[in-house]
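Biologist: Please take one part of this model and look at it closely. I would like the surroundings as well, in short sentences.

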Amino acid sequence: MGLKIGSRSGAYKAAGANGVSSKWVSVFCIASFCLGVFVVNRLLTVPSPVRTMEDAISGDHKSQELRPLLKCEKKDTSLVAGDILSQVSKTHDVIMALDKTISSLEMKLAAARSAKAEKEERSTADRKPVIEPLNNRPKVFFVMGIITAFSSRKRRDSIRETWMPQGEDLGKLEKEKGIIIRFVIGHSATPGGVLDRAIDAEDAQHNDFLRLNHVEGYHELSSKTQIYFSTVAAKWDADFFIKVDDDVHVNLGVVGSILDRHRSKPRVYIGCMKSGPVLSQKGAKYHEPEYWKFGEEGNKYFRHATGQIYAISKDLATYVSINGHILHRYANEDVSLGSWFIGLDVEHIDERSLCCGTPPDCEWKAQAGNTCAASFDWSCSGICKSVERMEEVHQRCGEGNGAIWHTSF
C-alpha cells in the first residue's frame with residue numbers, strides 16, 4: 001500500500017514537473033466540453049433556418065408560379081369584357097347601317113312608286129305624255145271638279161237638273177266664261193268591269209266626266225284630292241281650281257265673283273275655315289288615326305277649309321302636282337289639304353258665303369241680297385237627302401238660271 005501510494009504521487013509529481021499541471025488539464029477538459037456542447041447545439045439548430053429559407057424560396061417560387069396564372073386569369077377576364085363591348089359596338093353599328101339602308105330603300109321605293117303613278121296618269125286619255133307648256137294648255141278662269149262615286153248616279157243627275165249647265169251650254173260656259181265643270185271619278189279595283197263601263201256609258205251621254213288614274217274608295221279621298229289637283233293643273237291653265245262634293249248646291253255666278261276678287265293674288269286658299277276637334281276614338285265618323293301628332297287629347301286641328309267646297313290658286317295646285325309623292329295624307333282629305341299649305345306663304349281666305357245652310361238660312365240671305373255661293377247641311381256634311389232636296393234648295397236659294405251668263409269676270 002505504502003509503496004503504491006508513494007509511487008503514484010511520485011508519478012504525479014514527475015508529471016507536474018515534466019508537463020502540464022492537473023489544474024490546466026481540468027480547465028482544458030471543461031473548455032472542450034463547452035466547445036462540444038456549443039458545436040452540437042449549432043449543428044442541431046442550423047437546419048431549421050435552412051428549411052425556412054428553402055420554404056421561403058419554395059413559397060416565392062410558388063407565388064411566382066401563381067402570379068402568371070392570376071395575371072392570365074385577369075387578362076382573360078379583361079379580354080372577354082373587351083370582346084363583349086367590341087361585339088356590342090359592332091352590332092350597334094350594323095343596326096344603324098341597316099336602318100339607314102332601309103330608310104334609303106323606302107325613299108327610293110316611294111319615289112319609284114310616285115314616278116310610276118305619274119307615268120300612268122300621264123298615259124291616260126285625260127293627260128298628255130308630259131305636262132304641257134303653259135302656252136299649249138287652254139287658258140281658263142276656273143276648273144270645278146265635282147267629286148263623285150260609282151253609287152252616286154242619282155246625285156249627279158240632281159245636279160245636272162239644277163245648277164250645272166248641260167249639253168251645248170256646258171261647252172258655251174267653257175268658251176265664253178272660261179269655266180270648266182266636270183264630275184271627277186277614278187276607276188274600280190277591277191278596271192274595265194261593270195262599274196267602269198257604267199261610267200263610260202254615262203260619260204258618252206253627258207260628256208261631263210274627268211277620269212282619274214285612281215282606285216275609288218272612301219278612305220282614299222286624300223289621294224283622290226291630290227291626284228285631282230295634279231291632273232287638272234296639267235290639263236288646264238286655270239287661275240283657280242275648285243273641289244266640291246256631289247251633295248252641295250252651288251251658285252256659279254257668285255262663286256265666280258268671289259274668285260274674281262282674288263284673281264291678282266299669287267297663292268290663295270279659299271273656303272270656310274274651321275278648326276274642329278281631333279277625334280281619337282276609334283269608330284267615330286271622322287276618327288283621326290294619327291291624332292297623337294296634334295298634341296294632347298282634346299286638341300283641335302289647325303285652320304283649314306271645310307271639305308264640302310274650297311278653291312286654291314294656280315300656284316298651289318302646281319305645288320301639289322310637283323310634290324304629290326311626298327305630301328302626307330291624313331284620314332280626312334280637308335285636313336290633308338290644309339296640312340300641305342300650313343308651312344307655306346299662303347293667304348287663307350275665310351269665305352262664309354261658301355258654307356250657307358239650306359233653307360231657310362240660304363233663302364233669308366238671298367232675300368237680303370246676299371246670295372250664297374254654296375249651301376249644305378252641316379249635320380250631314382252635305383245636303384241631307386240631296387237627291388230629293390236639291391231641286392228645292394235650287395228654287396229657294398238659287399241665283400237664277402241666267403245669272404252666270406250676265407255676270408262678268
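**A close look at Cys362 and the sheet**

Modeller: Start with the contacts of one cysteine. Beyond its neighbours within four places in sequence, Cys362 touches Cys356, Gly357, Cys372, Ser375 and Cys397. Bear in mind that this is a predicted model. Cys362 belongs to helix α11, residues 361-367. Is Cys362 buried or exposed? Its relative accessibility is 1%, so Cys362 counts as buried; the cut-off for that label is under 20%. Ala373 lies eleven residues from Cys362 along the chain, and their C-alpha atoms are 9.4 Å apart.

One of the contacts, Cys397, leads on to another helix. Helix α12 spans residues 386-397. The buried residues of α4 pack against α12, and also against β1, β2, α6 (194-206) and β3. Those buried residues of α4 (153-160) are Arg156, Ser158, Ile159 and Arg160.

Now the sheet. Seven strands form an open sheet with mixed pairing, in the order β3-β2-β1-β4-β7-β6-β8. The edges are β3 (209-215) and β8 (347-350); each has a single partner strand, so one side of each lacks a neighbour in the sheet. On average, neighbouring strands are turned by 25 degrees against each other, direction ignored.

Take β6, residues 268-274. Six of its seven residues are buried, so β6 is mostly covered. With β8, strand β6 pairs in the parallel sense over four bridges. Tyr269 stands opposite His348 of β8, and Ile270 has Ile349 of β8 as its bridge partner. With β7, strand β6 pairs in the antiparallel sense over five bridges. There, Met273 of β6 has Ala305 of β7 as its bridge partner.

Helices lie against this sheet. Helix α7 (221-235) packs on the sheet and touches β1, β2, β3, β4 (237-245) and β7 (304-313). The direction of α7 makes about 130 degrees with that of β3. Helix α5 (168-177) lies across β1 (139-147) and β2 (179-187), at about 125 degrees to β2.

Next, the empty space. Rolling a probe the size of a water molecule over the atoms shows where such space is left. How many cavities of 30 Å³ or more does a search of the whole structure find? The search finds two. The largest cavity has a volume of about 50 Å³. Its lining is Ile242, Val255, Ile258, Leu259, Ile270, Ile309, Tyr310, Ala311 and Leu354. Helix α8 (252-261) and strand β7 are the elements that give two or more residues to this lining. By class, the lining has nine nonpolar residues, no polar and no charged. Ile270 thus has two roles here: a place in this lining and a bridge to Ile349.

The largest pocket holds about 1,100 Å³ of space. It is lined by 42 residues; Tyr218, Leu221, Asp245, Tyr286 and Ser381 lie nearest its centre. Elements supplying at least two lining residues each are α7, β4, β7 and α10 (333-341). The largest share, four residues, comes from β7. The pocket lining divides into 15 nonpolar, 15 polar and twelve charged residues.

Definitions and conventions: Residues are numbered from 1 along each chain as its sequence is written. This is a predicted model: local features need pLDDT of at least 70, side-chain atom pairs count only at pLDDT 80 or more; totals for chains, interfaces and linings use all residues. Side-chain values use heavy atoms; hydrogens and water are left out. Two strands pair if DSSP finds at least two bridges between them. Axes are lines fitted to C-alpha atoms, for helices over the stretch in contact, and angles run from 0 to 180 degrees between N-to-C directions. Contact means heavy atoms within 4.5 Å. On a 1 Å grid over the protein atoms alone, a cavity is a set of points where a 1.4 Å probe fits but cannot get out, and a pocket is an open set with protein on both sides within 12 Å along at least five of seven lines; lining residues have an atom within 4 Å of a point. Grid points are joined across faces, edges and corners, and a volume is the space filled by probe spheres set on the points. Ala, Val, Leu, Ile, Met, Phe, Trp, Tyr, Cys and Pro count as nonpolar, Asp, Glu, Lys and Arg as charged, and the others, Gly among them, as polar. Buried means under 20% relative accessible area, exposed over 50%, partly exposed in between (1.4 Å probe, protein chains only).
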